Amino acid sequence: MKLAFLVAERSTCRRHHVGAVIVRNKRILTTGYNGAAAGTVDCLKLGCLREQLGIPSGTRHEICRAIHAEQNAIIQAGLHGITIKDSTIYCTHSPCILCAKMLVNAGMQKFVMCIDYPDESFKALFDEAGITYQKTSMPDLSISILK
């Protein structure tokens, strides 16, 4: 989970810094963070259209320029030919319904998160699809050096 928070530092979203790490058998398969599509101008430079229009978090996902962290982690798997079936995703935030649908179709087995995103509709979908989900406490984010 600590690595998901580290990945979230790459986010180019002004509202939420979200990171995701997909793991199977204790091996990291892919990572993703929320931000604009590759090669396009991000919200740090353009400003946030959602803020400008007063759109509340958890709604009207299509307005946002950013691709969600979970989506980017799935896309990275596809780009690099990595199967993520039967994997666990560690994500800083719970998923929106769009990400939840993608995770179901990707064959995800488990979702672990720390922070609630204001869209709980993923729960019914995950229950129906047999994906377990778990909210865990925030990890210690300090860097420790082994000596």
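Colleague: Which side chain does Lys85 meet in a salt bridge?
Modeller: That's Asp86, with 3.9 Å from N to O. Keep in mind that this is a predicted model.

Colleague: Lys85 and Asp86, are they buried or exposed?
Modeller: In between. Lys85 has a relative accessible area of 49%, so it goes down as partly exposed. Asp86 is partly exposed too, at 41%.

Colleague: How many salt bridges does the structure hold?
Modeller: There are 3. One of them joins the side chains of Lys135 and Asp116, at 2.8 Å from N to O. That pair ties together distant parts of the chain, 19 residues apart. Lys135 belongs to strand β7, residues 132-135, while Asp116 sits in the loop between β6 and α6.

Colleague: And why do Lys135 and Asp116 count as partly exposed?
Modeller: Because of their relative accessibility: Lys135 comes out at 48%, and Asp116 at 44%. The cut-offs are under 20% for buried and over 50% for exposed, so both land in the partly exposed range.

Colleague: What about Lys123, which partner does it have?
Modeller: Glu120, with the side chains 3.7 Å apart, N to O. Glu120 is exposed at 52% relative accessible area, whereas Lys123 is partly exposed at 30%.

Colleague: Switching to helices. Which residues of α5 are buried?
Modeller: Cys99, Ala100 and Leu103, in a helix that runs over residues 97-105. Looking down the axis of α5, those buried residues fall within an arc of 100°, so they line one face of the helix.

Colleague: Why would residues at that sort of spacing share a face?
Modeller: An α-helix has 3.6 residues a turn, so residues three or four places apart point the same way.

Colleague: OK, what do the buried residues of α5 pack against?
Modeller: Two helices and two strands: α4 (69-79) and α6 (122-129), plus β5 (88-93) and β6 (110-115).

Colleague: Where does the backbone take a positive phi around there?
Modeller: At Gly107, just after α5, with a phi of about 80°.

Colleague: I was also looking at Thr30. Where is it, and is it buried or exposed?
Modeller: Thr30 is in strand β2, residues 27-33. It's buried, with a relative accessible area of 5%.

Colleague: What does the side chain of Thr30 reach?
Modeller: The backbone oxygen of Ala73, at 3.0 Å. Leaving out residues up to four places away in sequence, Thr30 touches Ala20, Val21, Ile22, Ala73, Gln76, Ala77 and Ile82.

Colleague: Back to the surface. Which residues make the nonpolar patch?
Modeller: Leu3, Leu6 and Ile28, and the patch covers about 260 Å². Leu6 lies in helix α1, residues 2-8, and is partly exposed at 46% relative accessible area.

Colleague: Last one, Asp127. What does its side chain contact?
Modeller: The side chain of Tyr133, in a polar contact at 3.4 Å. Asp127 is found in helix α6 and is exposed, with a relative accessible area of 52%.

Colleague: And how far is Asp127 from Ala37?
Modeller: They're 31 Å apart in space, C-alpha to C-alpha, and 90 residues apart in sequence.

Technical notes. Residues are numbered from 1 along each chain as its sequence is written. This is a predicted model: local features need pLDDT of at least 70, side-chain atom pairs count only at pLDDT 80 or more; totals for chains, interfaces and linings use all residues. Side-chain values use heavy atoms; hydrogens and water are left out. Patches are made of residues with over 30% relative accessible area and no salt bridge: like charges are joined within 9 Å, nonpolar side chains (Val, Leu, Ile, Met, Phe, Trp, Tyr) within 5 Å. Accessible areas come from the Shrake-Rupley method with a 1.4 Å probe; for residues, only the protein chains shown count as cover. A salt bridge is a side-chain nitrogen of Lys or Arg within 4 Å of a carboxyl oxygen of Asp or Glu. Helices (H or I, at least four residues) and strands (E, at least two) are DSSP runs, numbered from the N terminus. Buried means under 20% relative accessible area, exposed over 50%, partly exposed in between (1.4 Å probe, protein chains only). The arc is that of the directions from the helix axis to the C-beta atoms. Contact means heavy atoms within 4.5 Å. A polar contact is a pair of N or O atoms within 3.5 Å; within protein, one must be able to donate a hydrogen and the other to accept it, and residues adjacent in sequence count only if both atoms are side-chain atoms.
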